[in-house]
Amino acid sequence: VATKDEQSKQAGFYRIDLPTGNATRLLEQNMDFGDFPTPQIEVTEKGSVLYIIEDAQHCKDIWIAKADFSTPPRRVTNSNPLFDGYVMGESRLIEWYSADGVKLRGALLLPANYRPGERYPLVVNVYGGEIMSNRVNQFGFSWSPVLNMQLLATRGYAVLLPDTVLRPGTPMADIAKCVLPGVNKVIEMGIADPEKLGVMGASYGGYSTLA
């Protein structure tokens, strides 16, 4: 079975023993099966497993592995070889507390060639009410090429996609209470430059940007 850990956001495969129900982890990595309704997986006649995955630095490709994952999986396609000439930003899963004391998380994309101790401009991509940290292992944090945050990371920006919790009647205030402490967290980590902060969003994210 294909799995996703809601805490670590890692995806992978487990083997289930049907008579006993016991589960054995075969593979778990910082990867994502993408926004398909179900993971794209096929089993060959020889028992190998073919599957489509992506991560924050690599777009979707087909990989192959033995059914028991006894050897490292191997990538069998290269859907966009042009990307091989670029250094992409790495992702991190970070945590903070909202102004109301709610524990929140966010997907943080570091600038390409990030150097610890150096501060970078930060762009916050918001969408009220969404668990945006779920995108931490998706290529560029986005399902859409035009919203791929590697467009910013490869140009020296850090990018934060924060989780936000909205309540009936106070969405504008709730977004600020969730997002601003997340911005402060990235500043406290020594990554974001407090004098160079931006915010963006699309669709309902436009209202979230206004908030």
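**Exercise 1. Classify Ile16 in this predicted model by its accessibility: is Ile16 buried, partly exposed or exposed?**

Step 1. Start with the value: Ile16 has a relative accessibility of 36%.

Step 2. Recall the cut-offs: buried means under 20%, exposed means over 50%, and partly exposed lies in between.

Step 3. Ile16 therefore counts as partly exposed, at 36%.

Step 4. Now place the residue: strand β2, residues 11–16, contains Ile16. On the surface, Ile16 joins Val1 and Leu18 in a nonpolar patch, and together they have about 320 Å² of accessible area. Keep in mind that the model is predicted.

**Exercise 2. Work out the strand order of the open sheet that contains β4, and find which strands stand at its edges.**

Step 1. Begin with β4 (residues 41–43) and β5 (residues 49–55): they run antiparallel and are joined by 3 bridges. Here Val43 faces Val49 of β5. The hairpin of these two strands has 5 residues between them, and Gly47 takes a positive phi near 90° there.

Step 2. Go on to β6 (residues 58–65), which is antiparallel to β5 and joined to β5 by 6 bridges. Ile53 stands opposite Asp61 in β6, and the hairpin of β5 and β6 has 2 residues between the strands.

Step 3. Add β7, which pairs with β6 over 2 bridges, again in the antiparallel sense. One pair to look for is Trp63 with its bridge partner Arg75 in β7.

Step 4. Put the pairs in a row: the open sheet has 4 strands in the order β4-β5-β6-β7, with antiparallel pairing. Since β4 and β7 (74–75) each have a single partner strand, they stand at the edges, so one side of each has no neighbour in the sheet.

**Exercise 3. Compare the span of helix α2 with the span expected at 1.5 Å a residue, then find what its buried residues pack against.**

Step 1. Helix α2 covers residues 171–188, which is 18 residues.

Step 2. From first C-alpha to last, α2 reaches 26 Å, close to the expected 26 Å.

Step 3. List the buried positions of α2: Asp174, Ile175, Cys178, Val179, Pro181, Gly182, Val183, Val186 and Ile187.

Step 4. Look for their neighbours. The buried residues of α2 pack against strands β8 (91–97), β9 (103–109), β10 (120–125), β11 (158–162) and β12 (192–200), and also against helix α3 (204–210).

Step 5. Finish just after the helix, where Gly190 has a positive phi of about 80°.

How values were computed:
Residues are numbered from 1 along each chain as its sequence is written. This is a predicted model: local features need pLDDT of at least 70, side-chain atom pairs count only at pLDDT 80 or more; totals for chains, interfaces and linings use all residues. Side-chain values use heavy atoms; hydrogens and water are left out. Patches are made of residues with over 30% relative accessible area and no salt bridge: like charges are joined within 9 Å, nonpolar side chains (Val, Leu, Ile, Met, Phe, Trp, Tyr) within 5 Å. Accessible areas come from the Shrake-Rupley method with a 1.4 Å probe; for residues, only the protein chains shown count as cover. A salt bridge is a side-chain nitrogen of Lys or Arg within 4 Å of a carboxyl oxygen of Asp or Glu. Buried means under 20% relative accessible area, exposed over 50%, partly exposed in between (1.4 Å probe, protein chains only). The expected span of a helix is 1.5 Å times one less than its number of residues. Contact means heavy atoms within 4.5 Å. Two strands pair if DSSP finds at least two bridges between them.
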